[in-house]
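Biologist: I'd like to learn how to read a model like this one, feature by feature. Could you walk me through it?

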Amino acid sequence: MYLNCHSYYSLHYGTISIGQLVRIASAMGVKTLALTDINNSTGMVDFVINCRNNGIKPVAGMEFRLDDRLLFIGLARNQEGFGELNHYLTQINLGKAEIQEKAPDFKNVFVIYPLENLPEVFRKNEFAGIRPSQAGKLLRTKLPQNKLVVLQPVTFQNDTDYVLHKNLRAIDHNLLLSQLEMEMYAHPDEKFLTPAEIEQAFEAFPAILANSRKLLDNCEINFDFSQPKNKKTFTGSVSKDKKLLEKLSIDGLEYRYGNKNKTAKKRLQNELEIIEKLGFSAYFLITHDVVQYAMKNNIYHVGRGSGANSIVAYCLRITDVDPIELDLYFERFINPKRSSPPDFDLDFSWKEREKIQQYLFTRYGKGHVALLGTMVTFKGKSAYRELGKVHGLPKDEIDKLVRHPETEAAASGLHQHICTLAQQLIGFPHQRSIHAGGVLISGKPLSFYTALDLPPKGFPTTQWDMYTAETLGFEKLDILSQRGIGHIREAVELIRENRGTAIDIHQTEIFKKDEKVKAMLKSGETNGCFYIESPAMRSLLKKLQCDNYLTLVAASSIIRPGVAGSGMMREYIRRFHHPDSFEYTHPVLKEQLSETYGVMVYQEDVLKVCHHFAGLNLADADVLRRAMSGKFRGKEEFQRIKEKFFENSRKLSRPENITREVWRQIESFAGYSFSKAHSASYAVESYQSLYLKAHFPLEFQVAVINNFGGFYSTWVYFNEARRQGGIVHLPCVNQSDFKTNIRGKDIFVGFIHLTGMEQKTATQLLDERNKNGLYKSLEDFVRRAKPGIEQLILLIRVGAFRFTGKSKPHLLWEAHLLTKTEKSRLPDETLFQTKRQEFVMPALKTDKLEDAYDETELLGYPVTLSPFDMLQTKFRGEVKAPEMINHTGHTVRMLGQLITIKYVRTKRKEIMYFATFLDDKGEMFDTIHFPGTLKKYPFRGEGIYLLLGKITEEFGYASLDVEKMAKMPFRPNPREM
């Protein structure tokens, strides 16, 4: 009789979670239950699992609405019926059909209409739904009783939930609560009535009760969770897949290792056997197909994640990480006891990822491919903000409520009410969205499992998330975007254009042995290099004196917050330099972690410790691995593993204090740890960046600038290009392009960096120049490019016409005359160039400082003058950045331009800062600002600061502990004097 239940996946409507819904039904003795969320099937898999676990027969359905109006409810007779419902909704969501007043001719679906939308003639599978509150109308209805069923919608549990429901409806309609109209929200009786209450309402009409039970008896839904759901073959045959994978892998083995490496050959055969046994051959072949498509189309990629543990993946060129070199275990990627399927992470340039996605949809069939969805939930801030809006609070009051809900709750009864509602709302689904990169390629049409949405991105997307996908047995393929790859690819192209040199960026074995690369890595010369350019990473590389691949792999992991925050990063550095000066916490750690000096650096290290120190099995270890990666929904499993860890440790007679310390280190990894393969993949990409920077520094920096993806602001990379010997020029109408370009050592700032420059003007300017040659004068430019006066003034102020030899004031004067002339000229006059009358203008003064202010306003930084030369003071600091190590322990004054700051909270919850500055020579140095100092001498925005402090040193790396600082004043802009 429960044919129409809503969960909170009926977005901004339902108020009951899937778990709650099933628990309530179970407590009432309900034996069959239908989930019919509004225009979606998001929660169906969870619903089926929960029902099975509670002894309830699940029924799959969907409620179709047009805006606020209920049209009909569909109940699936079987899996095919569920597919029909999903397919119908998918066609609507993809814009291939419009939702109709009446249901289509479903073959395996029962349709229930409300009394307000009855068809003229009922099909065999169609019924009318009667609410208990409408039972009195049955005495007057002419509807045949064999077409009537009980329709008791379930939307909330009680009156409290009803209030929340109305607030959700106001949020959905973006209205004040008082503006809601009756048809916009549910009737107060949409509660979970007991079976007895429903039977009492229809006691005079037992046939209707019998119809309802019969209808539910004829419905069933189940999912096979034991089998993978991905496309099962690549070639159309399992045996052909096996042969093809083996052939491609053996061909790749020779490319990677030559034909005499017995260790690699043996491991390859072992992996191929496991892959075939577990049915993952097609998965590897599809991933290889994507990589081959990318390579043939000159689309650069990086394969990373746990997939890098596989020698098959390495031979197929899916990854560039040698698992033998790093002693990576294939079982970390795939093993029979893993509780979830594996996945590959493929990174592409942010500009090219969409091409790869389009290829997958085209290659593997419509309806079988979809992006993976995700669910955005109400967080604390969004809950308070949305509820504040529907209750009509002014913006300033909402802001206060968001910042300090506990304090504001006491301000008024309304505020208290909003806070109570917000606590109910937090965690509720808010809107469906798209996973960062997951793509599913299904064997069956995806409508067997879910309806599909079409977000603004333009690709069909599942209505459920990665957790549901994994529960069903899907292996997702992560197609991710990354700006680091974009600058590597663009650097290779620029090198080819500017130097005539072709670079094979996949020759990482050569890069690892390059002496220039080693020297740069050791000295922290990594500005612009993927993952290793941040102040924290630069300092770590210097402290480790890192000059090899294996150390960089470790550094890529120990920089993560888990290791760093637990204090084990500093301990790792100490043990790295003094391997004989420490004792292992326990003999098991010595046995398992000798490579990392007893410090847990990678996920694998944690798994080893859990297995060998606490006796956890592989399945539990995998749960822990997923917990550390943030790939689980709740904390229950993590807590279970923790209790088992301590229980097993006691059984193994481990000292309690040591067990606590080992667990502390494990727990600090949660959400932050990298697998060794992941760190290795990052290190490979870092080496590629390093090689390009070491041998082609100018092209490399221009590529970083053009991809807008570095750690620092763009001006820092222009500084780095100049530091590496480049000559940076202002934008020029004859030399610049839309993006920054390079010719020899000359770097011309692109028009994209000019604030206020319209793309239309830039395109017009460039098209005309490419078609008819360089501009000869300002007059020639105005006549041919036809810019508006505002755009012309921008170009003059930034110096884009300096080739004319005329001053800016002269050009500005001339620009106004020219634009007036162009506007008054008749169309026919443009066919013939007439000589314009020359006017003699007085000499107009220019000032370099004035130009620097123009450049700062329009580009964000001065190009023709150092910002230090704009200061009122001539003082440039007692010590420069490279000299700091020679002044350790001394209190000095330094002058620095602020690049970046990062704040952390101390154990006392006070804020302290780590900052990075440039000295007047463009060299970086780092500073530390403790809470007491910051209170007296806070940061005051961008600019140049005078810093007083003591130079300290740790493991050979110098920084400044700031005691006082002051922002230095610039000379005034002459134009404003």
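Modeller: Sure, and keep in mind that this is a predicted model. Let's begin with one residue and its surroundings: threonine 933 touches Val962, Glu963 and Lys964, once residues up to four places away in sequence are set aside. Threonine 933 itself is found in helix α37, residues 931-936.

Biologist: Is threonine 933 buried or exposed?

Modeller: The cut-off for buried is under 20% relative accessible area. Threonine 933 has 16%, so it counts as buried.

Biologist: And how does leucine 248 compare with that cut-off, buried or partly exposed?

Modeller: Leucine 248 has a relative accessible area of 22%, so partly exposed is the label. It lies in helix α7, residues 238-257. Beyond its neighbours within four places in sequence, leucine 248 is in contact with Leu285, His288 and Leu316. Take the pair with leucine 285: the two are 37 residues apart along the chain, and their C-alpha atoms are separated by 9.1 Å.

Biologist: What about a residue in a loop? Which residues does glutamate 352 contact?

Modeller: Leaving out neighbours within four places in sequence, glutamate 352 contacts Asn298, Ile299, Tyr300 and Arg489. Its loop runs between β8 (344-349) and α11 (353-364). With 7% relative accessibility, glutamate 352 is classed as buried.

Biologist: Now helices. How do I read burial along one of them?

Modeller: An α-helix has 3.6 residues a turn, so residues three or four places apart point the same way. Now look at helix α1, residues 18-27: its buried residues are Ile18, Gly19, Leu21, Val22, Ile24 and Ala25. The cover over them includes β1 (32-35) and α2 (44-53).

Biologist: What follows α1?

Modeller: Glycine 29, with a positive phi near 80°.

Biologist: Where does a positive phi turn up outside glycine?

Modeller: Most residues other than glycine have a negative phi. Two cases to look at here are arginine 317, with a positive phi of about 65°, and phenylalanine 955, with phi near 50°. Arginine 317 lies in the loop between α10 (311-315) and β8, and phenylalanine 955 lies in the loop between β20 (944-954) and β21 (957-967). Arginine 317 is partly exposed at 21% relative accessible area, and phenylalanine 955 is partly exposed at 23%.

Biologist: How do I read a pair of helices, say α30 and α31? At what angle do their axes cross?

Modeller: The axes of α30 (residues 697-707) and α31 (residues 714-723) cross at roughly 170° and come within 9 Å. Angles over 145 degrees count as roughly antiparallel, and α30 and α31 therefore run roughly antiparallel to each other. On the α30 side, Leu698, Gln701, Val704 and Ile705 make the contact, and α31 brings Thr714, Tyr717, Phe718, Glu720 and Ala721. By class, that contact has 6 nonpolar, 2 polar and 1 charged residues.

Biologist: Last one, cavities. How many of 30 Å³ or more does the structure hold?

Modeller: It holds 1. The largest cavity has a volume of about 40 Å³, and its lining consists of Tyr300, His301, Val302, Gly303, Asp320, Ser681, Val684, Glu685 and Gln688. The elements giving two or more residues to that lining are β7 (301-304) and α29 (676-695).

Biologist: Which element gives the most to the lining?

Modeller: That's α29, with 4 residues. The lining as a whole divides into 3 nonpolar, 4 polar and 2 charged residues.

Methods
Residues numbered from 1 in each chain as written. Predicted model: local features only at pLDDT ≥ 70, side-chain atom pairs only at ≥ 80, totals over all residues. Heavy atoms only, no water. Axes fitted to C-alpha atoms, helices over the stretch in contact; angles between N-to-C directions. Parallel < 35°, antiparallel > 145°, perpendicular 65-115°, else oblique. Contact = heavy atoms within 4.5 Å. Nonpolar A, V, L, I, M, F, W, Y, C, P; charged D, E, K, R; others polar. Buried < 20%, exposed > 50% of the residue type's maximum accessible area, 1.4 Å probe, protein only. 1 Å grid on protein atoms, 1.4 Å probe; cavity = no way out; pocket = protein on both sides within 12 Å on 5 of 7 lines; lining within 4 Å. Points joined across faces, edges and corners; volume = space filled by probe spheres on them.
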